[in-house]
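Please work through the exercises below with the sequence and the coordinates at hand, taking each solution one step at a time.

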Amino acid sequence: MAAPNSNYANALLATTFDNFSPKLYDNVFQSTPTWQWFKNHQDTASGGSVILEHLLYSKGTNAQSFTKGAEFAVVDTDPVTPAQFSRVNYGTAIPIYKQDLMDNSGPAQMLNLAKIKMQQAELDLKDLLATDLWAASAVTGKVLPLPVAIDTTSTVGNLNSTTYSWWQANVDSTVEAVNTDDMVTQYNNCNKGTGGAFPTFGPCGQTFFEGYERLGGLALRLSDGDRARLNLGFTGMWFKDMVLAFDPYMTTGECYMLNEKFIVWRPEGECANRWIHEQQAKADTPGLTLHLIWGRGAITVRRRASLAKITGKTAP
């Protein structure tokens, strides 16, 4: 059998990778309930190396009652300050050697090769993004992890929460059994203050999720209709107006309380619903072509006081 033309074969692979890119984006960002929730509420941000989130951190003084003919006392206050978040890049390289092309000569075999390569890329990206989302500390060049975004001491968006108490999240770290009293308190704390709101999504570690279910039994399960309305492809349970879901990458005794108004995944416009695909010939390695799959974005926070986490819980 004659060896395939490398240019033609790589062009066929490139077209296949391009066509599969939107599906790959969906598969990667729907691999865990937390990333799927972020994807469902993503807010595209294009241009620049950083994203600025403008924060209302104090009350203005120009809202007032008045009587007929009275003059407004206007004060030029500045209750807005920006938090700054760096965009990060995630991707993977798919190596294709000329020997691979020779071993898979023919369109059908070539498509099978592309499918296998994309499946491997998907698995790698899923695990990397899910792991980084729940990392214990922030790392330059990686997405902002939720344990850092939602605490009382970390610098997030270049704002120090120790210096600025209004930039602290709500944290319950008492070591005790899972209980609804703690959940009610943290849920209500998120709604306190000007601009607050109740959380809408609660990713849970296994001990917490199973403990909450044990407290309420099958009555807590979502109906099929509720699951369809939430557009969450994972088993979930209600707590007030917040849906809880088990995320296997989380610390087991934890529950986080999120609201899409205040913490959001902001992808670059060009890769908001697909991965960018680029092809490179490697002159220093005979017969090698690299297909690069990558995307860009950031998790940004707009109001930490409306976010919460409960940690250190044990089975009830």
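## Exercise 1: the surroundings of Val50

Leaving aside residues up to four places away in sequence, Val50 touches Gln84, Phe85, Ser86 and Arg87. The model is a predicted one.

**Task.** Determine in which strand Val50 is found, and decide whether Val50 counts as buried, partly exposed or exposed.

**Solution.** Step one is to place the residue: Val50 is found in strand S1, which covers residues 50-56. Step two is to classify it, and because its relative accessibility is 29%, Val50 counts as partly exposed. Step three looks along the chain, where the C-alpha atoms of Val50 and Gly297 are 247 residues apart in sequence and separated by 9.3 Å.

## Exercise 2: the chain as a whole

**Task.** State how many helices and strands the protein chain has, and what percentage of its residues count as buried.

**Solution.** The assignment gives eight helices and 16 strands. Of the 316 residues in the protein chain, 44% count as buried, while the chain exposes about 15,600 Å², of which carbon and sulfur atoms supply 51%. As a last step, consider the contacts with a separation of 6 or more: residues 24 or more positions apart account for 76% of them.

## Exercise 3: the cysteines

**Task.** Explain why Cys255 does not form a bond with the closest cysteine sulfur.

**Solution.** Begin with the search of the whole structure, which finds zero disulfides. Next, take the sulfur of Cys255, whose closest cysteine sulfur belongs to Cys204 and is 3.7 Å away, which is too far for a bond, because a disulfide requires the two sulfur atoms to be within 2.5 Å. Finally, note the accessibility: Cys255 is buried, with a relative accessible area of 0%, and Cys271 also counts as buried, at 2%.

## Exercise 4: salt bridges between distant parts of the chain

**Task.** For the salt bridge between the side chains of Asp43 and Arg266, find which parts of the chain the pair ties together.

**Solution.** The structure holds 13 salt bridges, and in one of them the side chains of Asp43 and Arg266 meet at 3.4 Å, N to O. Asp43 lies in the loop between helix H2 (33-40) and S1, and Arg266 lies in strand S12 (residues 263-267), so the pair ties together parts that are 223 residues apart in sequence. As for accessibility, Asp43 counts as partly exposed at 29%, whereas Arg266 is buried, with a relative accessible area of 12%.

A second step treats Arg302 and Glu53, whose side chains meet in a salt bridge of 3.1 Å, N to O. This pair links distant parts of the chain, with Arg302 in the loop between S14 and S15 and Glu53 in strand S1, 249 residues apart. Arg302 counts as partly exposed at 24% relative accessibility, and Glu53 counts as buried at 5%.

A third step turns to Glu268 and Arg87, which form a salt bridge with their closest N and O atoms 3.3 Å apart. Here Glu268 is in the loop between S12 and strand S13 (276-282), and Arg87 is in the loop between strand S2 (80-86) and strand S3 (88-97), with their positions 181 residues apart in the sequence. Glu268 counts as buried at 14% relative accessibility, and Arg87 counts as buried at 9%.

The closing step joins two of these pairs, since Asp43, Glu53, Arg266 and Arg302 are linked in a network of salt bridges.

## Exercise 5: aromatic pairs

**Task.** Decide whether the ring pair of Tyr25 and Phe29 is stacked, tilted or edge-to-face.

**Solution.** The whole structure contains 16 aromatic pairs. For Tyr25 and Phe29, the ring centres are 4.5 Å apart and the planes stand at 40°, so the pair is tilted. Both residues lie in helix H1 (residues 6-29), four residues apart, which is about one turn of the helix. Tyr25 counts as buried at 2% relative accessibility, and Phe29 is buried with a relative accessible area of 2%.

By contrast, Trp134 and Tyr256 form an edge-to-face pair, at 5.0 Å centre to centre with 75° between the planes. Trp134 lies in the loop between helix H4 (107-133) and helix H5 (146-149) and Tyr256 in strand S11 (residues 255-257), so this pair ties together parts that are 122 residues apart in sequence.

Technical notes: Residues are numbered from 1 along each chain as its sequence is written. This is a predicted model: local features need pLDDT of at least 70, side-chain atom pairs count only at pLDDT 80 or more; totals for chains, interfaces and linings use all residues. Side-chain values use heavy atoms; hydrogens and water are left out. Buried means under 20% relative accessible area, exposed over 50%, partly exposed in between (1.4 Å probe, protein chains only). Helices (H or I, at least four residues) and strands (E, at least two) are DSSP runs, numbered from the N terminus. Contact means heavy atoms within 4.5 Å. Accessible areas come from the Shrake-Rupley method with a 1.4 Å probe; for residues, only the protein chains shown count as cover. A salt bridge is a side-chain nitrogen of Lys or Arg within 4 Å of a carboxyl oxygen of Asp or Glu. Rings of Phe, Tyr and Trp (its six-membered ring) pair if their centres lie within 6.5 Å; planes under 30 degrees apart count as stacked, over 60 as edge-to-face and the rest as tilted.
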